[in-house]
Amino acid sequence: MIWVKILPMSCYAVLMGDLVDSEGHDDPEQLHAAFNAAIERQNAGLAADMMSPLTITLGDEFQGLLTSLDAAARAARAVRFDLMRQDIDCRFVIGLVDLKTPINSERAWNMMGPGFAAARERLGEKRSSSRYRFSIPQDALLETLLDAIGGSLSAIERGWSVAQRDVIIALSEGASVADVAQARDVGIPNVYKVRSAGDYDRYLTEWDAVHTALADLDLRYGLVGTDG
């Protein structure tokens with residue numbers, strides 16, 4: 001018999017992120033405006049999964065509380081894509097927290113509980129080249145495996161040309177190959193060529209593995225999100 005540990009609904013997913021090398025940006029005012037606009041867009045688009053909205057806590061950092069780890073991963077990718085389109089680099093930590101204070105549904109601050117510090121520590125590991133880190137203290141082995149996949153996803157993204165980035169983001173967001181071809185005014189074979197050069201199939205497979213693992217953790221720890 002397999003036992004599934006169901007915890008009280010004090011467990012949530014935290015998503016933390018910060019901009020990479022923001023201090024050296026050529027136009028800090030433009031960067032600040034683009035960052036704020038991206039966070040606002042994602043809060044509007046992901047409202048169904050937000051318990052406490054993505055909130056900029058420092059000039060270049062943000063955090064939010066979501067209903068599930070799977071939803072947090074989808075939110076991270078959505079923010080990442082939004083900023084990548086503007087050539088802004090950002091990294092994320094997806095973590096499990098056990099909230100011991102009331103949920104602040106207006107701003108993601110003034111909340112406490114096990115898991116916040118571990119996720120914050122991960123975010124502070126700035127030497128890592130990965131843009132997707134995971135903080136699952138309850139399952140160190142799975143945390144390690146998710147971190148490895150996050151590093152691989154980041155390496156694939158770093159290898160994209162602008163055309164590969166735009167095509168793969170569009171496909172990942174649900175556009176068909178025909179839609180992308182029409183939008184870019186190219187033939188369908190061109191889109192397949194760009195998609196292949198950007199390692200799209202591997203990228204999608206690795207994201208599927210992340211979502212499968214996180215969905216299992218959500219079930220194990222009693223988190224319930226909306227379908228992505």
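Residues are termed buried when their relative accessible area is under 20%, exposed when it is over 50%, and partly exposed in between. On this scale Asp166, at 27% relative accessibility in the predicted model considered here, counts as partly exposed. The side chain of Asp166 meets that of Arg165 in a salt bridge, with an N to O distance of 2.9 Å, and Arg165 itself is buried, its relative accessible area being 10%.

Arg165 also takes part in a salt bridge with Asp87, for which the N to O distance is 2.9 Å. Because Arg165 belongs to helix α5 (residues 162-172) whereas Asp87 is placed in the loop between α2 and β4, this pair ties together parts of the chain that are 78 residues apart in sequence. The acidic residue Asp87 is exposed, with a relative accessible area of 64%, in contrast to the buried Arg165.

A further pair is formed by the side chains of Asp139 and Arg220, which meet in a salt bridge at 2.8 Å, N to O. Here too distant parts of the chain are linked, since Asp139 is located in the loop between β5 and α4 (140-158) and Arg220 in helix α8, the two being 81 residues apart. Asp139 has a relative accessibility of 17% and is therefore counted as buried, the limit being 20%, while Arg220, with a relative accessible area of 24%, is partly exposed. In total the structure holds 21 salt bridges, and a network of such bridges links Arg122, Glu125, Arg133, Glu143 and Asp147.

The strands form an open sheet of 5 members with mixed pairing, arranged in the order β2-β3-β1-β4-β5. Strands β2 (50-58) and β5 (132-135) occupy the edges and have a single partner strand each, so that one side of each remains without a neighbour in the sheet. Averaged over neighbouring strands and with direction ignored, the turn of one strand against the next is 15°. Within this arrangement, β1 (residues 11-19) and β4 (residues 90-98) run antiparallel and are joined by 9 bridges, and Gly17 is found opposite Phe92 in β4.

Helix α2 (residues 69-84) packs on the sheet, where it touches β1, β2, β3 (61-66), β4 and β5, and its direction makes about 165° with that of β4. Helix α3 (residues 116-123) likewise lies across β1, β2, β3, β4 and β5, and runs at about 25° to β1.

Helix α2 is also in contact with helix α8, the axes of the two coming within 7 Å and crossing at roughly 145°. On the α2 side the contact involves Leu69, Asp70, Ala73, Arg74, Arg77 and Phe81, which meet Tyr203, Trp207, His211, Leu214, Leu217 and Asp218 of α8. Sorted by class, the residues of this contact comprise 7 nonpolar, 1 polar and 4 charged.

One of the charged participants, Asp218, is situated in helix α8 (residues 200-220). Asp218 is buried but has no salt bridge, and the nearest side chain of opposite charge, that of Arg74, is 8.2 Å away. When neighbours within four places in sequence are left aside, the contacts of Asp218 are with Ser68, Leu69, Asp70 and Leu223.

Terms used:
Residues are numbered from 1 along each chain as its sequence is written. This is a predicted model: local features need pLDDT of at least 70, side-chain atom pairs count only at pLDDT 80 or more; totals for chains, interfaces and linings use all residues. Side-chain values use heavy atoms; hydrogens and water are left out. Two strands pair if DSSP finds at least two bridges between them. Helices (H or I, at least four residues) and strands (E, at least two) are DSSP runs, numbered from the N terminus. Axes are lines fitted to C-alpha atoms, for helices over the stretch in contact, and angles run from 0 to 180 degrees between N-to-C directions. Contact means heavy atoms within 4.5 Å. Buried means under 20% relative accessible area, exposed over 50%, partly exposed in between (1.4 Å probe, protein chains only). Lys and Arg count as positive and Asp and Glu as negative; His and the chain ends are not counted. A salt bridge is a side-chain nitrogen of Lys or Arg within 4 Å of a carboxyl oxygen of Asp or Glu. Ala, Val, Leu, Ile, Met, Phe, Trp, Tyr, Cys and Pro count as nonpolar, Asp, Glu, Lys and Arg as charged, and the others, Gly among them, as polar.
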